[in-house]
Amino acid sequence: MTMDTMIGVDLAKSVFQVHGASMTGQLKFRKKLSRQSFADFMTKQPPAVVVMEACGSAHYWAREMSRLGHEVKLIAPHYVKPFVKRQKNDAADAEAIVIAAQRPEMRFVEAKCTEQQSRAILFRGRERLVHQRTELVNALRACLYEFGHVVPQGIHQLGRIKDILDEPNSDLPELMREECGDLMKQIVEKTVRIDTRTAKIKALAAEADTARRLQTIPGVGPLTALAVEAFAPPMESFRCGRDFAAWLGLVPRQFSSGGKERLGRVSKAGQSDIRRLLIIGAMSRLSWLGRKSIPESSWLARISARKPRMLVAIALANKMARTIWALLTKNEDYRDSAQVAA
């Protein structure tokens with residue numbers, strides 16, 4: 001069935017702005033609706049193309065609109081902003097969403113299912129606990145620094161901190177020791193909760209066939225595999241592996257003009273969680289232990305011999321992203337080119 005109406009929705013907590021237009025842009029209606037009224041209004045509408053910004057609750061409403069028979073499209077907010085006319089308000093935003101969606105070259109965001117969102121919440125919950133623990137460790141180091149004890153960075157320095165606090169002839173005041181002891185208890189509590197979520201992530205990664213396949217790639221572990229499942233759209237939405245790497249922000253920024261190509265640092269314009277984990281995985285392969293498994297005549301060995309380590313890590317992360325795209329589109333496990341040639 002051909003849909004002749006496009007409805008732009010500016011989402012909010014309580015008040016929704018709706019802009020309806022024909023597929024050629026003629027205005028049909030503008031409405032400001034409450035949350036319940038919006039659900040009732042969309043239930044009564046004939047099937048239409050519903051467009052929303054990819055923001056909070058957008059994936060929930062995308063699933064709800066699809067259930068009602070509408071075709072749903074999500075747009076990144078920064079793609080909508082250039083189409084806002086003059087003053088910014090809810091009505092102008094809803095109109096801009098429709099105008100942006102009608103551009104033939106526009107890129108859309110894939111709606112997430114409930115399983116993807118649940119995995120993303122689990123992943124972000126662990127990340128939040130890690131940040132909180134890091135904050136507590138830094139606060140503990142700062143307290144000791146006030147009394148002349150310099151402790152290096154890192155969670156592995158907790159044993160050294162405990163020895164300083166438990167030293168019998170220490171010059172630290174009792175009140176300060178009590179406060180630092182309370183910080184240590186909070187750090188231990190955060191560590192237990194982090195370990196619990198890490199175990200849950202590993203269990204989920206072991207159950208899913210996609211995550212198992214991703215972990216055959218050197219440098220990709222359970223966290224990276226779960227992040228790809230939780231945050232990445234279907235790989236079929238990318239034309240090639242380079243497009244996926246560009247979506248992650250692992251390609252150079254361009255400052256090209258007049259036919260002259262100028263490339264800068266990596267754009268960092270994409271999904272930051274997957275990009276960070278791929279770079280960490282690449283750095284692990286370039287460590288003294290990881291280098292032992294790198295064949296001498298391989299691409300990685302050759303580029304490592306003549307380029308800085310961080311540059312090599314970014315290049316390797318880019319290659320890992322392309323490999324992820326290839327494995328998921330072809331439904332295959334990773335095969336080492338050196339071993340295949342042998």
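A residue is called buried when its relative accessible area is under 20%, exposed when that area is over 50%, and partly exposed in between. These terms are applied below to a predicted model. Lys-162, with a relative accessibility of 45%, is therefore partly exposed. Asp-166 falls in the class of partly exposed residues as well, because its relative accessibility is 47%. The side chains of Lys-162 and Asp-166 form a salt bridge, with a distance of 2.8 Å from N to O. Both residues belong to helix H6 (residues 158-166), and because they are 4 residues apart, about one helical turn separates them.

Side chains of opposite charge can pair when their charged atoms come close. The structure holds 15 salt bridges in total. Another of these joins Glu-64 to Arg-67, whose closest N and O atoms are 2.7 Å apart. Glu-64 and Arg-67 lie in helix H2 (residues 58-67), and their spacing of 3 residues means that about one helical turn lies between them. Glu-64 is partly exposed because its relative accessibility is 21%, whereas Arg-67, at 60%, is exposed.

A further salt bridge is formed by Asp-333 and Arg-212, with 3.3 Å between the closest N and O atoms. This pair connects distant parts of the chain, the two residues being 121 residues apart. Asp-333 is placed in the loop between helix H13 (309-330) and helix H14 (337-341), and Arg-212 in helix H8 (residues 209-214). Asp-333 has a relative accessible area of 34% and so counts as partly exposed. Arg-212 is likewise partly exposed, at 35% relative accessibility. The two residues are also members of a network of salt bridges that links Asp-209, Arg-212, Arg-213 and Asp-333.

Charged residues also form patches on the surface. A positive patch consists of Arg-302, Arg-306, Lys-307 and Lys-319. Within this patch, Arg-302 is located in helix H12 (residues 299-306) and is partly exposed, with 46% relative accessibility. A patch of negative charge is made up of Glu-174, Glu-178, Glu-179 and Asp-182. Of these residues, Glu-179 is part of helix H7 (residues 174-207), and its relative accessible area of 45% makes it partly exposed.

In the interior, the largest nonpolar core comprises 44 residues. The residues with the most contacts inside this core are Leu-214, Val-228, Met-235, Phe-244, Ile-274, Leu-278 and Ile-324. Several helices, among them helix H5 (114-145), helix H9 (222-231), helix H10 (241-247) and helix H11 (272-285), each contribute at least two residues to the core. Helix H13 supplies the largest share, 11 residues.

Most residues other than glycine have a negative phi. Arg-86, which is not a glycine, has a positive phi of about 50°. Arg-86 is situated in the loop between helix H3 (77-80) and helix H4 (90-101). Its relative accessible area is 82%, so Arg-86 is exposed. A positive phi is also found at Asn-331, with a value near 55°. Asn-331 occurs in the loop between H13 and H14 and is exposed, with a relative accessible area of 55%.

Methods:
Residues are numbered from 1 along each chain as its sequence is written. This is a predicted model: local features need pLDDT of at least 70, side-chain atom pairs count only at pLDDT 80 or more; totals for chains, interfaces and linings use all residues. Side-chain values use heavy atoms; hydrogens and water are left out. Patches are made of residues with over 30% relative accessible area and no salt bridge: like charges are joined within 9 Å, nonpolar side chains (Val, Leu, Ile, Met, Phe, Trp, Tyr) within 5 Å. Accessible areas come from the Shrake-Rupley method with a 1.4 Å probe; for residues, only the protein chains shown count as cover. A salt bridge is a side-chain nitrogen of Lys or Arg within 4 Å of a carboxyl oxygen of Asp or Glu. Lys and Arg count as positive and Asp and Glu as negative; His and the chain ends are not counted. The place of a charge is taken as NZ of Lys, CZ of Arg, CG of Asp or CD of Glu. Buried means under 20% relative accessible area, exposed over 50%, partly exposed in between (1.4 Å probe, protein chains only). A nonpolar core is a set of buried Ala, Val, Leu, Ile, Met, Phe, Trp, Tyr and Cys residues joined through side-chain atoms within 4.5 Å.
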